[in-house]
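Got the model open in your viewer? Let's take a short walk through it, one selection at a time.

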Amino acid sequence: MLAPDRAEPAPAGRSPWILGASDLDVLVQALAGLGYRVLGPVARDGGIVIDEVRRAADLPVGLEDVQAPGRFRLERRDHGAYFAFTVGHVSWKQTFHVPVERLFQVRRSKEGFSVIPEPMPHQRVALLGARACDLHAIAIQDRILMQGAHADPRYAARRSDVFVVAVNCIRAGNTCFCVSMGTGPRAERGFDLALTELLDAGEHRFLVEVGSDAGAAVVAGMPVRPATPEEADAAARVSARTASSMGRELDTDGLKERLQQNLEHPRWDEVAERCLACTNCTLVCPTCFCTDVEDTTDLTGETAERTKRLDSCFTMGFSHVHGGSVRSSIKARYRQWLTHKLASWHDQFGSSGCVGCGRCITWCPVGIDITEEAAAVGRPEQRPETDG
């Protein structure tokens, strides 16, 4: 199915449909019937994770998230909405760029050594409830991990058979700033179907937009009716209202240059005094992709294996070369992360590395806010006044 970076914007000629909320399970079963493993948001342990969805009731029905720097809480509402929350700490990154995987084994025998490559992964998955910011994040990882000199064939294999059901956000979180990054809150491309949940006039239903032939084929077997112009307008108002209620904003005009010209700004010292270098921001970020490899042997020395693991530029060892770490201080590591994400990522990959999902703000244990830090570093340094 569609890879977001290659997908064209959703065809304008396809008219939207209406699916009753009580029929959402029909969509889940239709995807399962096509052989897809349906993955979607599931409430667990006080958070929202990505896991298998076997029926619509598995979704976080009636739950809204309350987010702030360093804080996340789920609260129950009586609206019964399926997608009234924004994003949890788990993104779709784990589905394709998995946290840990073995690459190959080496076994010793009387005849010598033999290398046993790990079988290529195969998965047929449907993403149910992908937000616009996360579709942009997937597109960024596609460019990095499927193109260029360092393409990852195992990532590409996992991305090769994917059906995407996007969900347009019906509310913005306190730490969201996708509007500033141009990535949401409405999905414009990279989906087979896109849903906007409507809870007006005593009715609960979804406006369904079709983004591909595969999406059209799925809709053809569902209990839908054509959307009225009033319902299409209502969905547009939902997206407009969400866009106008972002919890954060970031001025990206000239941001790359402002950051790269202020590498010795005193704000880097101030934020380093708070940062714990715990790596939470990079782990929850849907675009961070750094990995390390680890070679291990069993106790007999007969078998060795190489494993790839997600890593973080916040660890001391990540930049270790002969003689020590290139970035031995927290100040250096935070500055590297933020300036790479918002500035040098443009030079390296042609876009920002941030999609404005706000996860790094919410899940930072000390509440460091990337929008505040970027704005502060971009401001001229205030020097104390002196007489004369």
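Which residue forms a salt bridge with Asp-134, and how far apart are the closest N and O atoms? Select Arg-359 and show its side chain: Arg-359 is the partner, with the closest N and O atoms 3.0 Å from each other. Bear in mind that you're looking at a predicted model.

Now zoom out and colour by domain. Domain 1 covers 17-101 + 119-245, while domain 2 covers 255-292 + 310-378. If you place a marker at the C-alpha centre of each domain, the two markers sit 27 Å apart. Where the domains touch, domain 1 contributes 29 residues and domain 2 contributes 28.

Next, switch on a surface. About 2,300 Å² is buried between domain 1 and domain 2, and carbon and sulfur atoms give 63% of that area.

Back to sticks for the polar side of things. Between the two domains there is one salt bridge, and the count of residue pairs in polar contact is 19, with both residues at pLDDT 80 or more.

Hide domain 2 for a moment and look at the side of domain 1 that touches it. Select strand 4 (63-68), strand 5 (71-76), helix 3 (132-146) and helix 5 (178-181): these are the elements that give two or more residues to that side. Linger on helix 3, as it supplies the largest share, eight residues.

Last stop: colour that side of domain 1 by residue class. You'll find 15 nonpolar, ten polar and four charged residues.

Technical notes
Residues numbered from 1 in each chain as written. Predicted model: local features only at pLDDT ≥ 70, side-chain atom pairs only at ≥ 80, totals over all residues. Heavy atoms only, no water. Domains from an automatic or database assignment. Contact = heavy atoms within 4.5 Å. Buried area = accessible area lost by both parts, 1.4 Å probe. Salt bridge = Lys/Arg side-chain N within 4 Å of Asp/Glu carboxyl O. Polar contact = N/O pair within 3.5 Å; in protein donor to acceptor, adjacent residues only side chain to side chain. Helix = DSSP H or I, 4+ residues; strand = E, 2+ residues; numbered from the N terminus. Nonpolar A, V, L, I, M, F, W, Y, C, P; charged D, E, K, R; others polar.
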